[in-house]
Amino acid sequence: MNKDNIIKLVTFFSYILFQVLLFNKMVFLGKGFAFIYVGFLLSFQFELGIIAAMLIGFATGVTVDVFSNTLGVHTSASVLLMYLRPMLFKVFTPHGGYPLGARPTPTLMGFSWFSTYALILIFLHHSWLFIVEAGGFHLFLFTIQKIILSTFFTFSVVIITQYLFSKKSGAR
Amino acid sequence: MRSFLLFLHKYRAFLVFILLESAAFFLVVQNSNYNRVTFFNSTNYVVGSLLESANNINNYFSLTTTNQQLSKENALLRAKYLALLKKLGEDNSVDTISNFSFINSKIVNNNVYLLNNTLTINAGSNQGVQPGMGVIGNSGIVGKVKRAGKNYSTVVSVLDVDVKISAEIKNKINLCTVQWDGKSPEYAKVLYVPRHYNLAIGDTVTTSGFNAIYPSGITIGIISKLVLPEDASFFDIQIKLVNDFTNLSLVEVVLNKDLPQIDSLTQTVEE
């Protein structure tokens with residue numbers, strides 16, 4: 001196991017711990033949730049293969065689900081996020097492509113690029129998650145409110161963690 | 001054959017996606033089953049003890065509230081006890097609640113803002129907890145045991161949109177249904193109360209005697225909003241739950257000694 005993988009593993013556990021012990025208890029107005037583990041999934045390097053990415057999404061989702069007794073809900077949303085991620089990269093390719101081995105961070109790609117990327121994926125992830133949780137489209141208005149509030153809550157926390165913890169270059 | 005393999009290769013990402021999503025949905029369905037002890041939930045030892053140690057820290061911050069709740073409950077119980085003594089005189093042989101006993105436990109994890117909320121408590125099959133038992137808090141009902149691990153159990157909270165509770169409105173109606181609407185953890189709804197009843201805001205809603213899970217007469221909530229639409233045949237009733245679910249810490253699991261007998265009778269009837 002090389003240094004990179006160890007760092008990834010430590011990051012994984014710290015995201016999970018913060019998610020289940022702290023952010024699961026912080027709910028804004030009863031509707032806004034912060035699923036900060038999404039930040040972990042968003043920050044994998046550009047070249048990560050789509051199948052490996054989905055497996056990582058699955059593992060992360062299951063871990064969060066086990067702690068919140070919502071088995072399958074976070075799992076399916078995370079797999080969807082990891083499936084859609086490479087497609088978004090394709091759409092938003094900057095001039096000259098992506099730097100080799102780099103990870104999508106606001107410091108490397110710029111704030112506007114990163115926030116578009118993060119907002120779209122967080123929104124899709126949360127929509128999927130809350131619709132699966134509600135078991136369909138009843139309670140629709142309530143679900144929509146949850147999706148919108150949570151998207152902004154998660155997004156703010158993800159942006160803050162990115163600026164606090166990601167390295168200047170974004171490359172590793 | 002070759003073109004089939006090429007097809008598989010071309011769409012492998014999508015196929016893996018479908019596979020993983022199916023697995024996830026399988027888990028969602030699996031999770032809604034009662035009684036099935038699976039590894040992947042908070043009755044698991046590792047998960048349970050991690051949540052418990054985090055909760056131990058949290059508990060220090062709510063000690064004052066917990067103390068107040070307990071002393072309030074003490075006062076209430078003492079008042080009830082004295083009233084009972086007076087009623088019975090010196091003859092204490094009548095003991096209506098004797099077929100119920102209680103197992104103390106502490107909540108180690110609790111969520112209230114999902115649609116299917118669960119609690120994790122630190123008592124399991126080693127302490128005598130079995131799936132299907134009722135759980136009550138210091139002022140009213142809390143939920144029903146879903147799974148019992150060795151030392152931890154998960155409890156389906158009253159705050160679950162799929163849970164219906166057999167209830168009665170004190171001195172007025174002896175059978176109605178309480179269900180949560182998924183919105184605020186403080187309020188729930190009472191369903192199927194026909195319009196000819198004479199209800200008032202402030203009436204107490206308690207558990208009915210028509211179930212084997214909770215003792216009858218345990219408070220659920222107080223009517224806080226009462227609407228009777230012109231063309232509806234039922235009241236639209238909102239109750240304020242007596243338990244503050246956002247700040248619960250101690251609960252009791254209800255052990256009904258008659259439960260096995262009642263269960264076997266019901267089963268015989270069903271067959």
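**Two chains, question by question**

User: Among contacts in chain B between residues at least 6 apart in sequence, what percentage join residues at least 24 apart?
Analyst: Keep in mind that this is a predicted model. Take the contacts in chain B whose residues sit at least 6 apart in sequence, then pick out those that join residues at least 24 apart. That share comes to 61%.

User: And what is the matching percentage in chain A for residues 24 or more positions apart?
Analyst: Here we look at the contacts in chain A with a separation of 6 or more. Residues 24 or more positions apart account for a share of 71%.

User: How many helices and strands does chain B have, and what box do its C-alpha atoms fill?
Analyst: Chain B has five helices and 12 strands. Of its 271 residues, 32% count as buried. Taken along the principal axes, the box filled by its C-alpha atoms is roughly 90 × 50 × 45 Å.

User: What pattern does chain A follow along the sequence?
Analyst: Chain A has zero strands, so to speak nothing but helix symbols to write down, and seven helices. Read along the sequence, that gives α-α-α-α-α-α-α.

User: What radius of gyration does chain A have, and does that agree or disagree with a compact globule?
Analyst: Chain A has 172 residues, and 40% of them are buried. Its C-alpha trace spans about 45 × 35 × 30 Å along the principal axes. A compact globule with 172 residues would have a radius of gyration near 16 Å, so the value for chain A agrees: 16 Å.

User: Let's zoom in on α1(A). Do its buried residues line one face or spread all round, and within what arc do they fall?
Analyst: α1(A) has 21 residues and reaches 28 Å from first C-alpha to last, close to the 30 Å expected at 1.5 Å a residue. Its buried residues are A:Tyr15, A:Gln19 and A:Val20. Seen down the axis of α1(A), the buried residues line one face, because they fall within an arc of 110 degrees.

User: Which elements do the buried residues of α1(A) pack against?
Analyst: First, the face turned away from the buried side of α1(A) carries exposed residues, including A:Lys3, A:Ile6 and A:Phe13. The buried residues of α1(A) pack against two elements of chain A, namely α2 (37-42) and α3.

User: Is A:Val20 buried or exposed?
Analyst: A:Val20 lies in helix α1 (residues 3-23) of chain A. Leaving out residues up to four places away in sequence, A:Val20 touches A:Val64, A:Phe67 and A:Ser68. It takes 20 or more other C-beta atoms within 10 Å to count as buried. A:Val20 has 22 C-beta neighbours inside 10 Å, so this residue counts as buried.

User: How far apart in space are A:Val20 and A:Val66?
Analyst: Along the sequence, A:Val20 and A:Val66 are 46 residues apart. In space, going C-alpha to C-alpha, the distance is 9.7 Å.

User: Which element gives the most to the side of chain A that touches chain B?
Analyst: Across the two chains, 26 residues of chain A are in contact with 26 residues of chain B. The elements giving two or more residues to this side of chain A are α3 (50-68), α4 (73-91) and α6 (111-134). By type, the residues on this side divide into 17 nonpolar, eight polar and one charged. The one giving the most, with eight residues, is α3(A).

User: What do the buried residues of α3(B) pack against?
Analyst: In α3(B), the buried residues are B:Val47, B:Gly48 and B:Leu51. They pack against β1 (100-110) and β2 (116-121) of chain B, together with a helix of chain A, α3.

User: Which residue is the bridge partner of B:Ile107 in β2(B)?
Analyst: β1(B) and β2(B) form a hairpin with five residues between them. They run antiparallel and are joined by three bridges. In β2(B), the partner of B:Ile107 is B:Ile121.

User: And which residue of β12(B) stands opposite B:Ile103?
Analyst: β1(B) also runs antiparallel to strand β12 (residues 250-256) of chain B, with seven bridges joining the two. Opposite B:Ile103, in β12(B), stands B:Val253.

User: What is the phi of A:Leu29 near?
Analyst: Most residues other than glycine have a negative phi. A:Leu29 lies in the loop between α1 and α2 of chain A, and it is exposed, with 9 other C-beta atoms within 10 Å. Its phi is positive, near 55 degrees.

How values were computed
Residues numbered from 1 in each chain as written. Chains lettered and ligands numbered in written order. Predicted model: local features only at pLDDT ≥ 70, side-chain atom pairs only at ≥ 80, totals over all residues. Helix = DSSP H or I, 4+ residues; strand = E, 2+ residues; numbered from the N terminus. Buried ≥ 20, exposed ≤ 12 C-beta atoms within 10 Å, placed from the backbone. Contact = placed C-beta atoms within 7 Å. Nonpolar A, V, L, I, M, F, W, Y, C, P; charged D, E, K, R; others polar. Rg over C-alpha atoms; globule rule 2.2 N^0.38 Å. Expected span 1.5 Å × (residues − 1). Arc of directions from axis to C-beta. Pairing = 2+ DSSP bridges.
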